[in-house]
Amino acid sequence: MFRKTRIRLVTLNVVVVFLLLNALGSAVYYTMKYRLYSQVDRELEKVSQRLTVDPLPRLQRINDDPFPYNRLERKKYMDLDRRYALLVWDSFGRVIGTAFGERLEPEELPNFFHIGKPDGIETVTIKGQVYRVQTVTVPKKVVVGDHLQVAYQFQLIYNLAPEQNMLSSLLYVVVIGDIVSIVIAIIVGWFLARRALIPIQVSWEKQQQFIADASHELRTPLTAIMVNLERLFRHPDHTIEQESEKIMIGMQEAKRLSKLVADLLTLARSDSNELQIMSRKFRLDEMVQKCTQVFSQLAIVKEISLETAIEEPLEIVGDEERLHQLMVILLDNALKYTNKGGTIFVSCKKEGNRVAILVKDSGIGISKENIPFLFDRFFRVDKMRSRETEGTGLGLSIAKWIVDAHHGKITVSSEEGIGTSFLVTLPLK
């Protein structure tokens, strides 16, 4: 699935790059072509105006050898490029002579025929050679060889060979640049798509693992409930007192199932940003004190010493209900994994513009390789021990979300056989 997605991303990236490069290349090419042609057109119009006002130079007959200009005409039109040619037509549509530097072959002349058409500038292509032609219809006397004739129309022709070569080179560079850029886009796109899909792939794998673990956790209490209900039907004549053990087990599993579903719902709503932190000012020391008082009774039953060091007064802006849930999770874990005769220490104090909550126990501890995974959903260091203590592996995930939602930080330090410490730091506002 991810390979197909990667291919689609690369394809989309290449298509976008191809379209952008083509648009940019076309813009550069046609801009350059327009500027070159505009420059030629301005020169044509300027020379045509001079030819219209001034007498035309002496023309060369079509079948004669190249006619050298006399010195006066050289000086008069010496600023003209040698790529210009002057073509003069009579009123019958016949070419009566040419002038200037560009040499035109007799068989090419009919391609420039323009009599009966509007004057203006046009592009003419003859045998692969491109010309820019300015046509002006002005009856005028001209000297052709040694004879005086009446011209009806003249055309100023400019050979675009250098401009076409420049445009061809530019087009070649644009095409090569497109090909190279597409190859680079494919290579870089493949690499970036792989990098971009890594978080998605990791998230997908975690989601798959989450679904598998959730299904397993939900199936276990449901199976226990179903088994005990079926056992009740085996002795329909028994009283409730006689079947109280099975009923109690079913109720315990139902309670465990209800807590699991509630935790899953909390995490699901937190992922979708449906759960909001209802911030308000309250006394954090009082809330921590109430939590420890409740767990102190449970600690007495397990013969565990619960000590506190709570700074008073200590006001904070946050969600009192969620922070109470955080304390319950941390104290519950400490109580579960602390053996008889152990101690639990809880402190709450102000440190600068933050508040620090410490829950430390002398329990069984956690190995160093398992510490990075403590806040993963359904992660349990010892699944058999967690089963005995009715753990689901979701408590610390919820605790991490609560701390993150308050822009705080939670850290854990532990050593096997010595104990575990959870340190929560929260901003006061």
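User: Before I look at this chain, what does it take for a residue to count as buried?

Analyst: A residue is called buried when its relative accessible area is under 20%. In this predicted model, buried residues make up 39% of the 429 residues in the chain. The accessible surface of the chain comes to about 25700 Å², and 57% of that surface belongs to carbon and sulfur atoms.

User: How many helices and strands should I expect to find as I follow the chain?

Analyst: The chain has eight helices and 12 strands. Among its contacts with a separation of 6 or more, 69% are between residues 24 or more positions apart.

User: How should I read a sheet, and in what order do the strands of the one containing S1 lie?

Analyst: As a general idea, strands of a sheet pair through backbone hydrogen bonds, and the pairing is either parallel or antiparallel. Here five strands form an open sheet in the order S2-S1-S5-S4-S3, with antiparallel pairing. S2 and strand S3 (120-126) stand at the edges with a single partner strand each, so one side of each is left without a neighbour in the sheet. From one strand to the next, the twist averages 35 degrees. Helix H1 (residues 2-53) packs on this sheet, where it touches S1, S3, strand S4 (129-144) and S5, and its direction makes about 5 degrees with that of S4.

User: Which residues can I use to trace the pairing of S1 with S2 and S5?

Analyst: Strand S1 (residues 84-89) and S2 run antiparallel and are joined by four bridges, and the bridge partner of Val88 is Gly97 in S2. These two strands form a hairpin with five residues between them, and Gly93 in the turn has a positive phi of about 80 degrees. Strand S2 (residues 95-99) is mostly covered, with four of its five residues buried. Six bridges join S1 to strand S5 (residues 147-159), again in an antiparallel arrangement, and Ala85 stands opposite Ile157 in S5.

User: What is the order of the strands in the sheet that contains S9, and which strands are at its edges?

Analyst: This open sheet has five strands in the order S7-S9-S10-S12-S11, and its pairing is mixed. Strand S7 (305-310) and strand S11 (409-415) are the edge strands, each with a single partner strand, so one side of each lacks a neighbour in the sheet. The twist averages 10 degrees from one strand to the next. H6 packs on the sheet and touches S9, S10, S11 and strand S12 (419-427), while its direction makes about 25 degrees with that of S10. Within the sheet, eight bridges join strand S9 (residues 343-351) to strand S10 (residues 354-361) in antiparallel fashion, and Phe345 has Lys360 of S10 as its bridge partner.

User: Is Thr425 in S12 buried or exposed, and which residues does it touch?

Analyst: Thr425 has a relative accessible area of 18%, so it is buried. Leaving out residues up to four places away in sequence, Thr425 touches Arg354, Val355, Ala356, Gly408 and Lys409.

User: How do I read the packing of H6 against H8, and at what angle do they meet?

Analyst: One looks at the angle and the distance between the axes: helix H6 (residues 320-336) and helix H8 (residues 395-405) pack at about 145 degrees, with their axes 9 Å apart. H6 passes H8 in a left-handed crossing. Residues making the contact include Leu326 and Ile329 of H6 and Ile398 and Ile402 of H8. By class, this contact has 10 nonpolar, three polar and one charged residues. The buried residues of H8 include Ser397 and Trp401, and H8 is followed by His407, whose phi is positive, near 60 degrees.

How values were computed. Residues are numbered from 1 along each chain as its sequence is written. This is a predicted model: local features need pLDDT of at least 70, side-chain atom pairs count only at pLDDT 80 or more; totals for chains, interfaces and linings use all residues. Side-chain values use heavy atoms; hydrogens and water are left out. Axes are lines fitted to C-alpha atoms, for helices over the stretch in contact, and angles run from 0 to 180 degrees between N-to-C directions. A crossing is left-handed if the near helix is turned anticlockwise from the far one by less than a right angle, and right-handed if clockwise. Contact means heavy atoms within 4.5 Å. Ala, Val, Leu, Ile, Met, Phe, Trp, Tyr, Cys and Pro count as nonpolar, Asp, Glu, Lys and Arg as charged, and the others, Gly among them, as polar. Buried means under 20% relative accessible area, exposed over 50%, partly exposed in between (1.4 Å probe, protein chains only). Accessible areas come from the Shrake-Rupley method with a 1.4 Å probe; for residues, only the protein chains shown count as cover. Two strands pair if DSSP finds at least two bridges between them.
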